[in-house]
Amino acid sequence: MLRPLFLQTFLLTFLLTCLPPLAHAESREAVEGEFSHEECIACHQTTEPQLVADWQQSVHAASEPVALCTSCHGRDHQRAAARSRHNDSCVDCHGGGTSPVVHSYATSKHGIIMQLEQKEYDWNQPLREANYRAPGCAYCHLHNGNHLTAKAEPLKPAEADMDRITTSCLDCHAISYISRLNANAASMIEIARMKVREARQLVGEYANEHQAQADAELTGFMQQTKKHLRNVYLGAFHQSPDYQWWHGQPALDGDLLRIKGFIGNRQQNTDDADKTGTKPVR
Amino acid sequence: MRLAYIWITLLILSILIPAGFWYVDWSKSGDGAGLYSRDWLPEAVFGYWNPDDFYQSVDAVVGEFEGEECVACHRDMSPGIVKDWQASRHAQAESKVYCSACHGSDHQNLHLPTPDVCATCHVTQHEQFVDEKRYGFPSHALAMERALDAKHFVDKPKAEVTACLQCHSVATKCDSCHSRHKFSAAEARRPEACITCHSGPPHPDDETYFNSAHGQLYLQQGQDWDWSKPLQKGNYPAPTCAYCHMTKGKHQVADKSIWKFGIKQINPLSSGNVVKRQQWIELCSDCHEAEWSAQKLSAMDRERKQAWSKLDEAEALLKGLRSDDLLSPSIHQRPPYPGDDAHTLLQRERIGFFEGQASAFYNVSPIERDYFDMWYFSNLGAYKGSAHGDASFVNKGHKAMDQQLEAIRQKVTVIRATGKTEADKTDPNKTELENIWLKGEYTEYNREHN
């Protein structure tokens with residue numbers, strides 16, 4: 001199973017290192033001045049049509065508000081690329097430092113190395129060939145300047161997204177390691193999904209049997225399962241053991257057993273009520 | 001006649017003792033690892049965290065390679081590790097430490113370096129690290145055993161508990177703190193080096209330290225400190241994790257540990273702990289008055305005592321419900337505990353540290369889980385706040401414990417008021433309850449896949 005992947009990596013690495021650098025990158029510093037989003041698009045549509053097309057297909061172009069060129073790059077052309085490569089350009093829109101998506105990365109080894117070393121990095125380097133000792137958000141999600149960031153919904157990464165991100169891992173890690181990690185992540189997330197499906201099944205059956213209106217407490221537990229499932233996912237791909245585990249799997253266990261406890265209690269109470277003719281007790 | 005008793009006893013012992021050793025060896029010789037190795041199968045990825053037991057070298061490249069040969073190829077294949085290595089002391093030493101020194105040279109039989117490999121050169125650090133084992137759990141050096149021998153690790157599907165090994169591999173690889181392939185001492189001195197594992201609900205070491213006066217000073221000025229200096233008096237304006245827990249760079253974090261993980265109550269004034277308190281006071285005296293440090297330790301004693309009085313009350317309430325057979329689902333209506341057979345004799349609900357509740361946080365009744373959350377998350381958060389000097393976390397933890405205790409009290413009152421009668425126990429809805437607790441996609445998968 002590893003051999004074809006190995007070849008694939010080799011080819012990718014070969015292509016990435018041997019292709020001539022984009023002429024655009026060299027001329028960047030020649031262009032001085034401040035530009036608006038529309039001006040960026042107008043010019044880059046001719047110099048880099050693929051880049052603009054990628055951005056248009058990405059979640060950034062579809063979000064509300066739209067993440068414009070200037071949202072990440074600023075207006076100053078000479079500082080545009082370096083500025084956007086910093087994690088700071090991503091964090092604010094992605095929920096701030098304490099949001100799970102940011103925090104799961106920030107506590108990973110990648111995140112802490114970045115935190116410690118970012119002042120030493122040369123941010124004018126392109127996002128490839130391990131030009132940065134630790135990857136920031138953009139290194140993986142916009143690897144080699146590819147502007148087609150996630151276009152799928154967060155819990156169902158498209159195969160293409162995964163392949164692209166995996167390419168960035170291979171700048172530092174062996175394909176054998178990454179493919180085993182990815183396989184493990186897929187199983188780990190599937191197990192978390194099993195817990196959510198078990199919970200959803202129970203809640204569904206309960207609602208059917210009792211023609212119960214959506215109960216606030218049960219709905220609350222179900223919302224928690226979504227949050228905790230997402231934590232497992234973020235933990236697996238951002239390499240945060242803490243999100244895989246404490247914010248993820250055992251938290252899902254807790255949700256599931258509380259749902260079971262709630263339904264078990266209700267059923268017992270309803271049955272008691274049927275026997276004695278009294279109203280159910282909460 | 002009396003002599004016969006002695007002979008018989010000796011004879012039995014001479015059979016039982018070797019049999020015991022044989023049994024332990026046998027139970028460790030399965031496809032997994034640790035005491036329960038026969039009960040589980042590893043995931044392929046486990047080899048990266050526990051290389052001695054599970055690492056399998058890939059066979060994609062054939063041949064023997066040394067020194068610059070590895071570098072020449074990997075410069076293109078995986079530039080990151082080559083750049084890292086080039087920036088490391090390994091590459092700058094007079095006689096370079098090349099890839100093959102740690103990984104071997106046969107590309108089809110490569111290995112991942114364990115602390116034993118690093119010990120080839122880093123003798124002192126390794127000795128200190130291994131010495132930690134004599135202080136027992138918790139310790140870095142024993143962390144892998146701790147994970148593998150935990151019953152919930154054995155019981156749960158292996159892809160689910162992958163997370164455990166990522167931190168517990170601090171016992172089996174030095175790059176948990178000195179990230180590969182730069183292996184920088186300066187990096188490991190920074191508090192961030194610890195927080196990938198020392199974070200999250202049961203051990204918020206990161207938050208409590210960063211919130212403390214020490215941590216605030218670090219966050220404001222740390223970027224400008226000279227991290228190449230050893231961790232000793234005068235070199236740093238404020239202490240970091242390693243400054244206190246690995247004083248003077250000693251690779252040993254367990255020797256001063258009093259409350260340890262914080263999940264069981266101890267006597268902080270036992271003769272052994274009095275010695276450890278003195279060691280803390282000496283360490284703090286790098287900056288603080290001895291009296292002031294002693295008072296801080298006493299304040300922590302009071303905080304811990306208060307925490308345990310709350311935990312003890314909750315535990316007693318739960319044990320009371322158990323005595324009256326009021327826990328629902330009961331032990332027979334829920335899946336067996338990790339490591340137990342469904343038909344083990346004399347089963348009972350496990351409550352508290354000494355009964356192994358630390359491995360029983362799933363498939364338990366909600367009120368037991370409520371206690372687990374109070375004990376494992378709120379209590380340990382307060383403990384870490386107390387130990388690291390973060391009053392906000394102490395308050396938050398105690399407030400949470402108060403609320404959780406009150407909720408448990410109220411639930412117990414309701415359960416006792418509506419409690420099961422003898423008739424309930426033979427009730428048809430008993431099967432309904434078993435259907436909820438024993439069936440379901442994950443619950444069944446978990447039973448069948450370890």
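Here is a friendly chat about the backbone and the chain interface of this predicted model.

Visitor: Which proline follows the cis peptide bond in chain A, and where does that proline lie?

Guide: Good place to start, since most peptide bonds are trans. In chain A, a cis bond joins Glu64 to A:Pro65, with omega at about 0 degrees. The proline, A:Pro65, sits in the loop between α5 (59–62) and α6 (69–73) of chain A.

Visitor: Which loop of chain B holds B:Pro329, and what is omega for the bond from B:Ser328 to B:Pro329?

Guide: B:Pro329 belongs to the loop between α18 (290–323) and α19 (366–388) of chain B. The bond that leads into it from B:Ser328 is cis, and its omega is near 5 degrees.

Visitor: Is A:Glu129 buried, partly exposed or exposed?

Guide: This residue has a positive phi of about 50 degrees, although it is not a glycine. Its place is the loop between α10 (109–117) and α11 (137–141) of chain A. Buried would need under 20% relative accessible area and exposed over 50%. At 27% relative accessibility, A:Glu129 is therefore partly exposed.

Visitor: What is the relative accessible area of B:Asp325?

Guide: B:Asp325 lies in the loop between α18 and α19 of chain B. Its phi is positive, about 55 degrees, though it is not a glycine. B:Asp325 counts as partly exposed because its relative accessible area is 30%.

Visitor: Which three residues of chain B supply more of the area it buries against chain A than any other three?

Guide: Let's set the scene: 75 residues of chain B are in contact with 60 residues of chain A. The area buried between the two chains is about 5800 Å², and carbon and sulfur atoms give 58% of it. The three that supply 11% of the area chain B buries are B:Met77, B:Thr196 and B:Ile436.

Visitor: How many salt bridges cross the interface of chain B and chain A?

Guide: An example helps here: the side chains of B:Glu160 and A:Lys195 meet at 2.6 Å, N to O. That falls within the 4 Å cut-off, so the pair counts as a salt bridge. Across the interface of chain B and chain A, the total is eight.

Visitor: Which element gives the largest share of the side of chain B that touches chain A?

Guide: Between the chains there are 31 residue pairs in polar contact. Elements that give two or more residues to chain B's side include α3 (68–77), α4 (79–87) and α22 (429–438) of chain B. The largest share, six residues, comes from α19(B).

Technical notes: Residues are numbered from 1 along each chain as its sequence is written. Chains are lettered from A and ligands numbered from 1 in the order in which they are written. This is a predicted model: local features need pLDDT of at least 70, side-chain atom pairs count only at pLDDT 80 or more; totals for chains, interfaces and linings use all residues. Side-chain values use heavy atoms; hydrogens and water are left out. Helices (H or I, at least four residues) and strands (E, at least two) are DSSP runs, numbered from the N terminus. Buried means under 20% relative accessible area, exposed over 50%, partly exposed in between (1.4 Å probe, protein chains only). Contact means heavy atoms within 4.5 Å. Buried area is the accessible area (1.4 Å probe) that two parts lose on being put together, summed over both. A polar contact is a pair of N or O atoms within 3.5 Å; within protein, one must be able to donate a hydrogen and the other to accept it, and residues adjacent in sequence count only if both atoms are side-chain atoms.
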